[in-house]
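Please open the structure in your viewer and keep the sequence beside it. The stops below go from the whole chain to a single residue and then to a stretch that calls for caution.

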Amino acid sequence: MHHSPEPPYQDGEPASADGRDGAADSEVTLLYALVAERLKQAHARVHALNVSTDAKTALTRQLLIVTETAKRDLPEAARRLSRFVQDLDEGRMPPR
C-alpha cells in the first residue's frame with residue numbers, strides 16, 4: 001500500500017508513528033482478524049479430516065508456516081491461506 005507523506009498533525013491529531021493513518025491501521029487490524037479466524041477454521045478442518053497422522057502433520061505444518069508468514073507479510077499469508085483452503089476444498093493433499 002502506498003501512502004503519501006502526511007503532515008505530523010492531520011485534522012488536529014498526531015499522525016501515527018509509522019506514517020499510516022487510522023484507516024490504514026484499521027484495515028490491517030481487520031486483515032489480521034480475518035486471517036486469524038480463517039487459520040482457526042483451517043486448523044479445525046484439518047483436525048476433522050479422516051486422513052493419516054502423517055497427512056495431518058504435514059497439513060498442520062503448512063498452517064504453521066502461514067502463521068509465521070503473517071508475522072512478517074500479512075498479505076502473503078492471506079494468499080497462502082487462500083491457496084491452502086482451496087487445495088483442501090478440492091481434496092489436494094500435501095506430498096508425502
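A contact here means heavy atoms within 4.5 Å. With the whole protein chain selected, consider the contacts between residues at least 6 apart in sequence, of which 49% join residues at least 24 apart.

This is a predicted model, in which local features need pLDDT of at least 70 and side-chain atom pairs count only at pLDDT 80 or more, while totals for chains, interfaces and linings use all residues. Residues are numbered from 1 along each chain as its sequence is written, and side-chain values use heavy atoms, with hydrogens and water left out.

Next, colour the chain by secondary structure, taken from DSSP runs numbered from the N terminus (helices are H or I, at least four residues; strands are E, at least two). You should find 3 helices and 2 strands, in the order β-β-α-α-α from the N terminus on.

Switch to a surface view: of the 96 residues, 21% count as buried, a word that stands for under 20% relative accessible area (1.4 Å probe, protein chains only).

Now select helix H2, residues 53–72, and within it threonine 69. Threonine 69 counts as buried because its relative accessibility is 5%. Leaving aside neighbours within four places in sequence, threonine 69 is in contact with Leu74, Glu76, Ala77 and Arg80.

Finally, colour by pLDDT, the predictor's confidence in each residue, from 0 to 100. The mean for the protein chain is 83, and 75% of its residues reach 70 or more. Over residues 1–17, however, the pLDDT is below 50, although this stretch has 15 contacts in the model beyond near neighbours in sequence. Where pLDDT is low, the predicted coordinates should not be read in detail.

Key. Buried means under 20% relative accessible area, exposed over 50%, partly exposed in between (1.4 Å probe, protein chains only).
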